[in-house]
Structure formats: structure tokens, C-alpha cells
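Me: I would like a close look at a single part of this protein, with its surroundings described residue by residue. Please take the helix and its packing slowly, and join the details into one account.

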Amino acid sequence: MTQQAGNVVENKKPRKSVVEIFMNGAKKGFYIGVEQILPAMIMGYMIVTFLQLTGLVDVFGKVFGPVMGIFGLPGESVVVLISAFFAKAAGAATAANLFAQGLITAPQATILIMPCMLMGTLVGHYARIVLVANTSAKYRGILLLVPIFDSVVGMLLMRLFLTLSGLM
């Protein structure tokens, strides 16, 4: 509100219609999909394809089988964790790709969503925390370990929930 010569004048912004609000939201959603989610999904697909073509998925399956077995997962599912380090959507896309290829089941894909969400994009977030915020060196290790610890707990809890629900 402003006053001019004793008169009160209100400064109001014109209201947007429901259609304008919807169109703006749709446009933002489209750009998020094209600029962030789609590239991450392509990266997830490329990581899995590269690892399969080189035979590394089989190697990872044997090496990480015992560790991933704790979570009720095959060793090959470690590629989801690798993808998730770079982007949440890449980890989720990698899990979807492994599911589509029959390497993991739906309950196993559900377990793998936990690390995608809890530690996804860890490389980028960690770099921003350390480089941009200039976090004290004594806290950097814990900032890296907390999301990994959360992911381990999350996968164990999801496995327990799925087991108790009779889905595993």
C-alpha cells in the first residue's frame, strides 16, 4: 500500500487464472523431465549397458553377492548403487532396467529404491557441501557416511517389511 495526497492506493498483482497456473506448472514439469530426469535415466541405462557388455555385471554379481545377499538382493544389483551415487533418477532407472531384464524382482527393486532416495546424487551433493559451503574438514567424512548408513538401514528395514508382508 502506498499513500498519495491522503489517498490510499493498493498495489495488487493481477491474479493468475487456474489455467495459467496449470500451464506454468506443466511447463516447469516438462523442463525438469527433459533437463534432469531424462539425462539421468539415459546415464543409468548407459551404465548398465556398459557393465553388461564388458561382463562386469557378472563380475560384480560374484564379488558383491555375499554383501548384497544381506539385503535379499543379487550381487548384480550393486550397479544400482553405483548409478545412484551420480543421480537418484539414474539409480532408479538402473533398477528399472535390471527389473525389465529379469535380473531382479519387484520386491528387490523396491528395496533398491531406498538407497536411490537416501544416498542418491551423493557425488554432486557432497561436492557442493565440501566445495561450495567449505565445510570443516573434520565433518566431511561423516557427511559422506551418513547417507550411506541411512541407505543400509533403509534397505534392511524395507527387506524386513517386505518379508513380514509376505512379498519376499
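Reply: What follows is a walk along helix α5 and then outward to the parts around it, all of it in a predicted model.

Helix α5 runs over residues 106–118, and its 13 residues should span 18 Å at 1.5 Å a residue, which agrees with the 19 Å between its end C-alpha atoms. The buried residues of this helix are Pro 107, Gln 108, Ala 109, Ile 111, Leu 112, Pro 115 and Cys 116, and the elements against which they pack are α3, α4 and α7. In reading that list it helps to recall that an α-helix has 3.6 residues a turn, so residues three or four places apart point the same way.

Leu 112 is a good place to begin, since Leu 112, along with Leu 73 and Val 79, touches the most other members of the largest nonpolar core, a set of 24 residues. That core draws at least two residues from each of α1, α2, α3, α4, α5 and α7, and the largest share, five residues, is supplied by α3. When neighbours within four places in sequence are left aside, the contacts of Leu 112 are Leu 73, Ser 77, Val 80, Leu 81, Ala 95 and Ile 104. One of these contacts, Ala 95, is among the buried residues of α4.

Helix α4 therefore deserves its own description: it covers residues 88–100, and its 13 residues reach 18 Å from the first C-alpha to the last, close to the 18 Å expected at 1.5 Å a residue. Its buried residues are Ala 90, Gly 91, Ala 93, Thr 94, Ala 95, Asn 97 and Leu 98, and after the helix comes Gly 102, which has a positive phi, near 80°. Ala 92 also lies in α4, but its relative accessible area is 26%, and because buried means under 20% while exposed means over 50%, Ala 92 counts as partly exposed. Even so, Ala 92 touches Ile 113 and Cys 116, with residues up to four places away in sequence not counted, and Cys 116 is one of the buried residues of α5. The C-alpha atoms of Ala 92 and Thr 110 are 9.7 Å apart in space, although 18 residues separate the two in sequence.

On the side of α7, which spans residues 137–164, the residue to look at is Ser 151. Ser 151 counts as buried because its relative accessibility is 2%, and, again without residues up to four places away in sequence, it touches Pro 115, Leu 118 and Met 119. Of these, Pro 115 belongs to the buried residues of α5.

Ser 151 and Met 119 also appear together in the lining of the largest pocket, where they are joined by Val 67, Met 68, Phe 71, Leu 81, Phe 85, Ile 148, Val 152 and Met 155. This pocket holds about 150 Å³ of space, and its lining consists of nine nonpolar residues and one polar residue, with no charged ones. At least two lining residues come from each of α2, α3 and α7, and α7 gives the most, with four. Leu 81, which was met above as a contact of Leu 112, is thus found again among the residues that line the pocket.

Terms used: Residues are numbered from 1 along each chain as its sequence is written. This is a predicted model: local features need pLDDT of at least 70, side-chain atom pairs count only at pLDDT 80 or more; totals for chains, interfaces and linings use all residues. Side-chain values use heavy atoms; hydrogens and water are left out. The expected span of a helix is 1.5 Å times one less than its number of residues. Buried means under 20% relative accessible area, exposed over 50%, partly exposed in between (1.4 Å probe, protein chains only). Contact means heavy atoms within 4.5 Å. On a 1 Å grid over the protein atoms alone, a cavity is a set of points where a 1.4 Å probe fits but cannot get out, and a pocket is an open set with protein on both sides within 12 Å along at least five of seven lines; lining residues have an atom within 4 Å of a point. Grid points are joined across faces, edges and corners, and a volume is the space filled by probe spheres set on the points. Ala, Val, Leu, Ile, Met, Phe, Trp, Tyr, Cys and Pro count as nonpolar, Asp, Glu, Lys and Arg as charged, and the others, Gly among them, as polar. A nonpolar core is a set of buried Ala, Val, Leu, Ile, Met, Phe, Trp, Tyr and Cys residues joined through side-chain atoms within 4.5 Å.
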